[in-house]
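Here are some exercises to work through with the model open beside you. Try each task by yourself, then follow the solution step by step.

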Amino acid sequence: MRREYLRPALLIAASIIAGTVAWSGHVLLLPTAFSFPILWALARSRLTAVFVSAGYFLAASRGLPQGVATFYSSDLWPGLLLWLSASFGFVGVHAMLWTRCEPTRPFRYFAVVLLMAIPPFGITGWAHPITAAGVLFPGWGWWGLLATTAGLVGLVTLMRPAVAIVLAGFWIWSAATWDEPKRPDSWQGIDLEMGASLGRDPSIERHRDLIATVKDRASGGALTIVLPESALGFWTPTVERLWIRSLQGTKTTVIAGAAVVDAGGYDNVLVAISAAAAQILYRERMPVPGSMWQPWRSLLGASGGARAHFFENPVATVADGRIAPLICYEQLIVWPVLQSMLRRPDVIVAVGNGWWTKGTSIVAIQRASAEAWARLFAKPLLISFNT
């Protein structure tokens, strides 16, 4: 191979390895993503930066084609199309802001970090290296986020060897002393294995099975029990009455996923149910683009699709505590959790319905991301998934 092609090829190969390892679903491997800004900065042309960025992002989101094929019961082509489409924002921002000029590169990469964390580019801002902040600086909170940002910016400067050594030291120390986030007392998250039927089986028998599961866990002392995204299916007055009546005589509060449907579309929500009442606790800020959130439908005069409540209801109050709710896709991007942390919640509640991700690492990545954010801000974490 000619020398002028060897360097770009090595950078691209390294970016693919970085994306694969960092986003494998193991929380302590998240800091591997910090090698990506180094590779981006070492690119000697904008075209190489494009391929380095694409290699990292496509490797990190490699489970998407198979997941989409499973979700739609189709072949891989729709998933491959969505996979490539989703990469455009990430690759475009990194290509646009890449520069050969050393003095301005840190400022440009700082702009990249910000743009990929907030809408509109942050809507597909998966695999953001800043997610590793909780691994490098557990318990540091906003100072840890600031230190991580400074570290990312430092890695694109000529001081990158010194910065990398310092960050590696924090990584090693953190790995040696790592503790999983605590679970709040008297709270319990229930993982289910009901596959695609969860939320799609509206029968009374299904609800009674879930109620029996809840009561079984409550008998062990749990006062607040969390069920996965979509666990209750469509939220209707009938479902509401059934659950309230079933919880009579208990002190249990159930937090569960459901869908509230009207003529214009639907909201993906969390509801809180007790023996006294039920209420919609949270409306999802960022549903999955494409499969759930379809903003183009309104432009075409059509209805349907999930609504995105981008910056609404970052925290919710339940059981005398404040929770930071994260439903499914919100665990993969940056701004929802940071917006919630500004309100100082007591607990992070992460739920999902990941039956369609079987055979991929997507659910493991969601769990690792939620765990990293919980450790950064020293918050108890409750997780509930259906697979």
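Axes are lines fitted to C-alpha atoms, for helices over the stretch in contact, and angles run from 0 to 180 degrees between N-to-C directions. Helices (H or I, at least four residues) and strands (E, at least two) are DSSP runs, numbered from the N terminus. This is a predicted model, in which local features need pLDDT of at least 70 and side-chain atom pairs count only at pLDDT 80 or more, while totals for chains, interfaces and linings use all residues. Residues are numbered from 1 along each chain as its sequence is written, and side-chain values use heavy atoms, with hydrogens and water left out.

**Exercise 1. Two helices side by side**

Task: Find how the axes of helix α2 and helix α3 cross, and which residues make the contact.

Solution:
- Start with the axes: α2 (residues 35-42) and α3 (residues 46-60) come within 8 Å and cross at roughly 160°.
- Next, classify the angle (under 35 degrees is roughly parallel, over 145 roughly antiparallel, 65 to 115 roughly perpendicular, the rest oblique). The crossing angle therefore makes α2 roughly antiparallel to α3.
- Then look at the handedness (left-handed if the near helix is turned anticlockwise from the far one by less than a right angle, right-handed if clockwise). The crossing of α2 and α3 is right-handed.
- Now list the contact (heavy atoms within 4.5 Å). From α2 come F36, L39 and W40, and from α3 come A49, V52, S53 and Y56.
- Finally, sort by class (Ala, Val, Leu, Ile, Met, Phe, Trp, Tyr, Cys and Pro are nonpolar; Asp, Glu, Lys and Arg are charged; the others, Gly among them, are polar). The contact of α2 with α3 has six nonpolar residues, one polar and no charged.

**Exercise 2. Another partner for α3**

Task: Repeat the steps for helix α1 and α3.

Solution:
- The axes of α1 (residues 3-22) and α3 come within 7 Å, crossing at roughly 25°.
- The two helices are therefore roughly parallel to each other.
- Their crossing is right-handed.
- On the α1 side, the contact residues are P8, L11, I12, S15, I16, A18, G19 and T20; on the α3 side they are T48, F51, V52, G55, Y56, A59 and A60.
- By class, this contact of α1 with α3 holds 10 nonpolar, five polar and no charged residues.

**Exercise 3. Checking helix spans**

Task: Compare the spans of α14 and α8 with what is expected.

Solution:
- The expected span of a helix is 1.5 Å times one less than its number of residues.
- Helix α14 (residues 362-376) has 15 residues and should span 21 Å; its end C-alpha atoms are 21 Å apart, so the two agree.
- Helix α8 (residues 142-154) has 13 residues and reaches 18 Å from first C-alpha to last, close to the 18 Å expected.
- Now check burial (buried is under 20% relative accessible area, exposed over 50%, partly exposed in between, with a 1.4 Å probe and protein chains only). In α14, 13 of the 15 residues are buried, so this helix is largely enclosed by the rest of the structure.
- In α8, the buried residues are G144, L145, T148, T149, G151, L152, V153 and G154. Their cover includes α2, α6 (105-115), α7 (133-136), α9 (160-176), α13 (335-341) and α14.

**Exercise 4. Backbone surprises**

Task: Where do S186 and A378 lie, and are they buried, partly exposed or exposed?

Solution:
- S186 sits in the loop between α9 and β1 (187-189). Its phi is near 65°, a positive value in a residue other than glycine.
- With a relative accessible area of 32%, S186 is partly exposed.
- A378 comes just after α14, in the loop between α14 and β9 (381-386). The phi of A378 is near 55°, again positive in a residue other than glycine.
- At 52% relative accessible area, A378 is exposed.

**Exercise 5. A strand residue**

Task: Which residues does L281 touch?

Solution:
- First place L281: it lies in strand β5.
- At 9% relative accessibility, L281 counts as buried.
- Not counting residues up to four places away in sequence, L281 touches I255, L270, V271, A272, A316, T317, V318 and I323.
- The C-alpha atoms of L281 and N313 are 8.7 Å apart, although 32 residues separate them along the chain.
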